[in-house]
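Please open the model in your viewer and keep the sequence panel beside it, so that each selection can be followed in both places. The tour moves from one residue to its surroundings, and then out to the whole chain.

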Amino acid sequence: DSPGCYDDVFRICQENGIVSGIPRVYSAYGSLEALKGNIFKAEYYYDKAIALARQSGEQSAILELMTALSNIYKEAGAWKKYAIISSETRILEDSILDVTKKMQLQDIANAYIIEKKELEKQFISTLLESENKRSNLWVSLFFISAIGLIILTFFYLLNKRLKRGLESSYHILMEQYREEKKQREIAEKELLDATQY
């Protein structure tokens, strides 16, 4: 119940320049004040912690702090503030989710490009080997044409397969996103109904 240990952590964070620890200390102060029933002081500390987390750009920490603050509002029966912070939390969750989905799609695209470049290197090395081994121009041309046709067919089939995989991954991610968004909208409607009630 005593904030003395938090004071020590706060002092250590300030002395050593540990920026990420300071919002955690403020959130701890806020939790203590909420336990005592001092909602305004708890709100003050959590607002300070959220502001510091925003300065450092820690999206997950901001989300965690906003969720904790919304729970305090909910327990205190401050429904208007609860609705506002819940709405902001959902917007932040959506932005984090969008960034995650974009990163996953970018990883898939990068893997496709790397694989394509590797196949191009293999194709070039195959062409060079076949040219060195063949002394006869007509035989070399025949083999090069055949290999080129096979590799082009292979590239075409591989390209189709990778595109299908990319589209399938995209559709799966979009379905997950739609489902999550639908669930959030249902929860938001229930919250709005509860608030209106």
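Leaving aside its neighbours within four places in sequence, which residues is Arg90 in contact with? Select Arg90 in this predicted model, and then show the residues around it: apart from those sequence neighbours, Arg90 is in contact with Arg184, Glu188 and Leu191. Arg90 itself is found in helix α5, which covers residues 79-133. Its relative accessible area is 15%, and because the cut-off for a buried residue is under 20%, Arg90 counts as buried.

Next, keep Arg90 on screen and add the side chain of Glu188. The two side chains make a polar contact at 3.0 Å, and the pair also counts as a salt bridge, with that distance taken from N to O. This pair links distant parts of the chain, since Glu188 lies in helix α6 and Arg90 in helix α5, 98 residues apart. Glu188, with a relative accessible area of 40%, is partly exposed, whereas Arg90 is buried. Side chains of opposite charge can pair when their charged atoms come close.

Now select the whole of helix α6, residues 137-196. How far apart are the end C-alpha atoms of this helix? They are 85 Å apart, and this agrees with the 88 Å that its 60 residues should span at 1.5 Å a residue. Colour the buried residues of α6, and you should mark Ser140, Gly148, Ile151, Phe155, Leu158, Leu162, Leu173, Tyr177, Arg184 and Leu191. Two of these names, Arg184 and Leu191, were already met as contacts of Arg90.

While helix α6 is still selected, look for the other salt bridges, for the structure holds 3 salt bridges.

- Select Arg178 and Glu175, which form a salt bridge whose closest N and O atoms are 3.1 Å apart. Both residues lie in helix α6, 3 residues apart, or about one turn of the helix. Arg178 is partly exposed, with a relative accessible area of 48%, and Glu175 also counts as partly exposed, at 48% relative accessibility.
- Select Asp193 and Lys189, where the closest N and O atoms of the salt bridge are 3.4 Å apart. These two residues are 4 residues apart in helix α6, again about one turn of the helix. Is Lys189 exposed or buried? At 53% relative accessibility Lys189 counts as exposed, because the cut-off for that word is over 50%, while Asp193, at 36%, counts as partly exposed.

Move next to Leu137, Trp138 and Leu141, and switch on the surface. Together these three residues make a nonpolar surface patch of about 380 Å². Leu141 belongs to helix α6, and at 40% relative accessibility it counts as partly exposed.

Finally, clear the selection and view the whole protein chain. How many helices and strands does the chain have? There are 6 helices and 0 strands, so that, by the way such runs are assigned, reading along the sequence gives the pattern α-α-α-α-α-α. Of the 197 residues in the chain, 25% are buried. Among the contacts with a separation of 6 or more, residues 24 or more positions apart account for 53%. The chain exposes about 13700 Å², and carbon and sulfur atoms supply 59% of that area.

Methods. Residues numbered from 1 in each chain as written. Predicted model: local features only at pLDDT ≥ 70, side-chain atom pairs only at ≥ 80, totals over all residues. Heavy atoms only, no water. Buried < 20%, exposed > 50% of the residue type's maximum accessible area, 1.4 Å probe, protein only. Polar contact = N/O pair within 3.5 Å; in protein donor to acceptor, adjacent residues only side chain to side chain. Contact = heavy atoms within 4.5 Å. Expected span 1.5 Å × (residues − 1). Patch = residues over 30% accessible without salt bridge, like charges linked within 9 Å, V, L, I, M, F, W, Y side chains within 5 Å. Areas by Shrake-Rupley, 256 points an atom, 1.4 Å probe, with all protein chains shown as cover. Salt bridge = Lys/Arg side-chain N within 4 Å of Asp/Glu carboxyl O.
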